[in-house]
Amino acid sequence: ISNSYAAAKNQKLLSRDAQKLEAWLISQIRPRDKAFMPYRISAEQITDLFEVTKNYSYQKLNNVSNELLTHIIHIKEDNIYKKYGLISSSAYHSGEGWCEMSIHPDLEPHLLNLKSGGKFAVLELFVSWSFKCIYSYPLYKYLKSFLHNGQDYYVIEVKIDFLKQIIGCHKKYPNYSNFNARVLNAVKNEF
C-alpha cells in the first residue's frame, strides 16, 4: 500500500472484522495487476477468517461488507484532502455462499503499480489478522509506512491528537491516562 494510504486518517474506526477483511482485500491485489477486479470471498473463508460457524458466516460477510461500503478513507495529497470509499460495490450471492467486492477505482494510485524504491509499505497479512485490539491494525499500517530501503527500525515523534486521528479514536479518551491505559498499553502489548 502507498504511504498515503497507510497514513490515511479514519473518521470512524472500522470493527476488527472489517479491518481483517480490508487486509484480505488488499492482499488479493497482485503486483502484475493493471486495474482492480472484483475479489471473491467465500463463506468458508469467512468462517476461517472470523472464527465463526458456517451458518453465521453468511450474516457476518453481509454485515462486514456493508461496513466497508460506508467506510470513508481520508488521504492527504500535497495540500488536498481527498475522501474515498474503500469498496465501490459488494454483491452477495445468496444460496451460493460467496461475495464479490470491488475496491474503489480511485484508490488505484494508492494500491496498484507500486514501484520498488517508492514510498509504500508491505503489510504482512497474518500479522494484520493477529491483532485483537481494534487500534493495533491502523497503527500498524501507519508505522509500516516509515520502513523503507531495508530499514528494520525507525524513530518517529507523533503528537497525541494526530495519533488519535490515525487510529480512529480522535473523539475518545480526552484524558491522557485513559488513552494510555486503553489504547497505547493495549497496542504495545500486541506489538
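This is a short dialogue on how to read the helices and strands of a predicted model.

Biologist: Before we start, what should I keep in mind about this model?

Modeller: The model is predicted, so local features need pLDDT of at least 70 and side-chain atom pairs count only at pLDDT 80 or more, while totals for chains, interfaces and linings use all residues. Residues are numbered from 1 along each chain as its sequence is written, and side-chain values use heavy atoms, with hydrogens and water left out.

Biologist: Let's begin with the sheet. In what order do its strands lie?

Modeller: Strands of a sheet pair through backbone hydrogen bonds, either parallel or antiparallel. Strands here are DSSP runs of E with at least two residues, helices are runs of H or I with at least four, and both are numbered from the N terminus. Two strands pair if DSSP finds at least two bridges between them. In this model, an open sheet of 3 strands runs β2-β6-β5 with antiparallel pairing. β2 and β5 are the edge strands, each pairing on one side only. From one strand to the next, the twist averages 20°.

Biologist: How many bridges join β5 to β6?

Modeller: The antiparallel strands β5 and β6 are joined by 6 bridges. S89 stands opposite S102 in β6, and S90 stands opposite M101. These two strands form a hairpin with 4 residues between them, and G95 in the turn has a positive phi of about 85°. On the other side, β2 and β6 pair over 4 bridges, again antiparallel, with R40 as the partner of E100 in β6.

Biologist: Is β6 largely enclosed or open?

Modeller: Buried means under 20% relative accessible area, exposed means over 50%, and partly exposed lies in between (1.4 Å probe, protein chains only). For β6, 5 of the 6 residues are buried, so the strand is largely enclosed by the rest of the structure.

Biologist: Which strands does α2 lie across?

Modeller: Helix α2 lies across β2, β5 and β6, at about 130° to β2. Helix α3 lies across β2 and β6, at about 75° to β2. Axes are lines fitted to C-alpha atoms, for helices over the stretch in contact, and angles run from 0 to 180 degrees between N-to-C directions.

Biologist: How do I read α4, and which of its residues are buried?

Modeller: An α-helix has 3.6 residues a turn, so residues three or four places apart point the same way. Helix α4, residues 54-70, has 17 residues and spans 25 Å from its first C-alpha to its last, close to the 24 Å expected at 1.5 Å a residue; the expected span is 1.5 Å times one less than the number of residues. Its buried residues are S57, K60, L61, V64, S65, E67 and L68. The cover over them includes α2, β2, α3, β5 and β6.

Biologist: At what angle do α2 and α4 cross?

Modeller: Two packed helices are described by the angle between their axes and the distance between the axes. The axes of α2 and α4 cross at roughly 80° and come within 9 Å. The two helices are therefore roughly perpendicular; angles of 65 to 115 degrees count as such, under 35 as roughly parallel, over 145 as roughly antiparallel and the rest as oblique. D17, A18, L21, E22 and L25 of α2 make the contact with K60, V64, S65, E67 and L68 of α4, where contact means heavy atoms within 4.5 Å. By class, there are 5 nonpolar, 1 polar and 4 charged residues. Ala, Val, Leu, Ile, Met, Phe, Trp, Tyr, Cys and Pro count as nonpolar, Asp, Glu, Lys and Arg as charged, and the others, Gly among them, as polar.

Biologist: Is D17 buried or exposed?

Modeller: D17, which sits in α2, is buried, with a relative accessible area of 19%. Leaving aside neighbours within four places in sequence, D17 contacts F50, K60 and V64.

Biologist: Which residues of α7 and α8 meet?

Modeller: P138, L139 and Y142 in α7 meet F162, L163, I166 and I167 in α8. That contact has 7 nonpolar, no polar and no charged residues. Helix α7 (residues 136-144) packs on α8 (residues 160-167) at about 110°, with axes 8 Å apart. All of α7 is covered: 9 of its 9 residues are buried, so this helix is largely enclosed by the rest of the structure.
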